[in-house]
Amino acid sequence: MAVDKTPVLKRCRSLELDPTFLGYDKKSKRKSNRSGRKVSEYGLQLREKQKAKFIYGVLEKPFRNYYKKADRMKGMTGENLMVMLESRLDNVAFRAGFARTRREARQIVGHKHVTVNGKVISIPSYQCKAGDVVAISEKAKSMQRYKDIVEVTGGRLYPEWLDTDLDNLTATIKELPKREQIDVPVNEMLIVELYSK
């Protein structure tokens, strides 16, 4: 299985992205070594795509498949794409506060610690729907790991489309997120322009 092992802070620096969007509270002390060169239109489009892929931890081929699916759906392609990325199971687990970072959320899903409507799902890219109840499995709830995670994520602001109960480690998806509820610094219109060439 392909894995992106790029150092997080280095990648954030090159994409001019704040690490807090990935759940990291570290800051890179180094400055981005981009000189005052003007970035071409294609360069801007590519950077937005790389940002979205990096934030959600999606590789090129699955990302292209998301785009094709979003293009076939009703409504704005860019908004559909962002909603699909946001409703991935690993992202929902991260948003609900079950993990400190999206990478950790992906790991706990892969380790079969997450259930959807009572059924264990170990696929990070599983698409959650409105009304789904995402929870940490009974077996994993007692682990010290989750007590530590809740301590860190307890003060986090949860998106309004999620109803989170950290005491029982469950979250209910009230509705699929709308674009204005997704606080990711990505201009999806540039991604649409890039793919529609």
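These legends accompany close-up views of a predicted model.

**View 1. A five-stranded open sheet in the predicted model.** The strand order is E2-E1-E3-E5-E4, and the pairing is antiparallel. Strand E2 (119-120) and strand E4 (162-165) are the edge strands. Each of these edge strands pairs on one side only. Strands of a sheet pair through backbone hydrogen bonds, either parallel or antiparallel.

**View 2. Pairing of E1 with E3 and of E3 with E5.** E1 and E3 run antiparallel and are joined by three bridges. Within this pair, Thr115 stands opposite Ala135 of E3. E3 and E5 are also antiparallel, again with three bridges. Val133 has Thr172 of E5 as its bridge partner. Val134 has Ala171 of E5 as its bridge partner.

**View 3. The hairpin of E4 and E5.** Strand E5 covers residues 170-173 and pairs with E4 in the antiparallel sense over four bridges. Leu162 faces Ile173 of E5 across the pair. Asp165 has Thr170 of E5 as its bridge partner. Four residues lie between the two strands of the hairpin. In this hairpin, Leu169 takes a positive phi near 50 degrees.

**View 4. Side chains along E5.** Which residues of E5 point to the buried face? They are Ala171 and Ile173. Thr170 and Thr172 point to the other face and are not buried. The side chains thus alternate along the strand. Bridges link the residues of both faces to other strands: Ala171 pairs with Val134, Ile173 stands opposite Leu162, Thr170 partners Asp165, and Thr172 partners Val133.

**View 5. The buried side of helix H6 (residues 102-110).** The buried residues of H6 are Arg102, Glu104, Ala105, Ile108 and Val109. They lie on the same side of H6 because they cover an arc of only 155 degrees around the axis. What packs over these residues? The cover includes three helices given here by label, H2, H5 and H8, together with helix H4 (77-86). Strand E1 (114-116) and strand E3 (133-136) also contribute to the cover. Just after H6, Lys112 takes a positive phi of about 65 degrees.

**View 6. Ser137, a buried loop residue.** Ser137 sits in the loop between E3 and helix H7 (138-141). Is this residue buried or exposed? Ser137 counts as buried because its relative accessibility is 8%, and the cut-off is under 20%. Beyond residues up to four places away in sequence, Ser137 touches Lys112, His113 and Thr115. Two of these contacts appear in other views: Lys112 has the positive phi just after H6, and Thr115 stands opposite Ala135 in E3.

**View 7. Lys51 in helix H2 (residues 41-56).** Lys51 is a lysine with 10% relative accessibility, so it counts as buried. Which residues does Lys51 touch, not counting those up to four places away in sequence? The contacts are Leu15, Leu17, Pro185 and Val186. The helix that holds Lys51 is also among the elements covering the buried residues of H6.

**View 8. Val8 in helix H1 (residues 8-14).** Val8 counts as buried because its relative accessibility is 11%. Leaving aside neighbours within four places in sequence, Val8 is in contact with Leu22, Tyr24, Phe54 and Arg103. How far apart are the C-alpha atoms of Val8 and Ile55? They are separated by 10.0 Å. Along the chain, the two residues are 47 residues apart.

**View 9. The second largest pocket.** This pocket holds about 530 Å³ of space. Its lining comprises 21 residues. Thr20, Gly23, Phe94, Arg156 and Leu157 lie nearest the centre. Helix H5 (89-95) and helix H8 (144-153) are the elements that each give two or more residues to the lining. By residue class, the lining divides into seven nonpolar, six polar and eight charged. H5 and H8 also appear in the cover of the buried residues of H6.

Key:
Residues numbered from 1 in each chain as written. Predicted model: local features only at pLDDT ≥ 70, side-chain atom pairs only at ≥ 80, totals over all residues. Heavy atoms only, no water. 1 Å grid on protein atoms, 1.4 Å probe; cavity = no way out; pocket = protein on both sides within 12 Å on 5 of 7 lines; lining within 4 Å. Points joined across faces, edges and corners; volume = space filled by probe spheres on them. Nonpolar A, V, L, I, M, F, W, Y, C, P; charged D, E, K, R; others polar. Pairing = 2+ DSSP bridges. Buried < 20%, exposed > 50% of the residue type's maximum accessible area, 1.4 Å probe, protein only. Contact = heavy atoms within 4.5 Å. Arc of directions from axis to C-beta.
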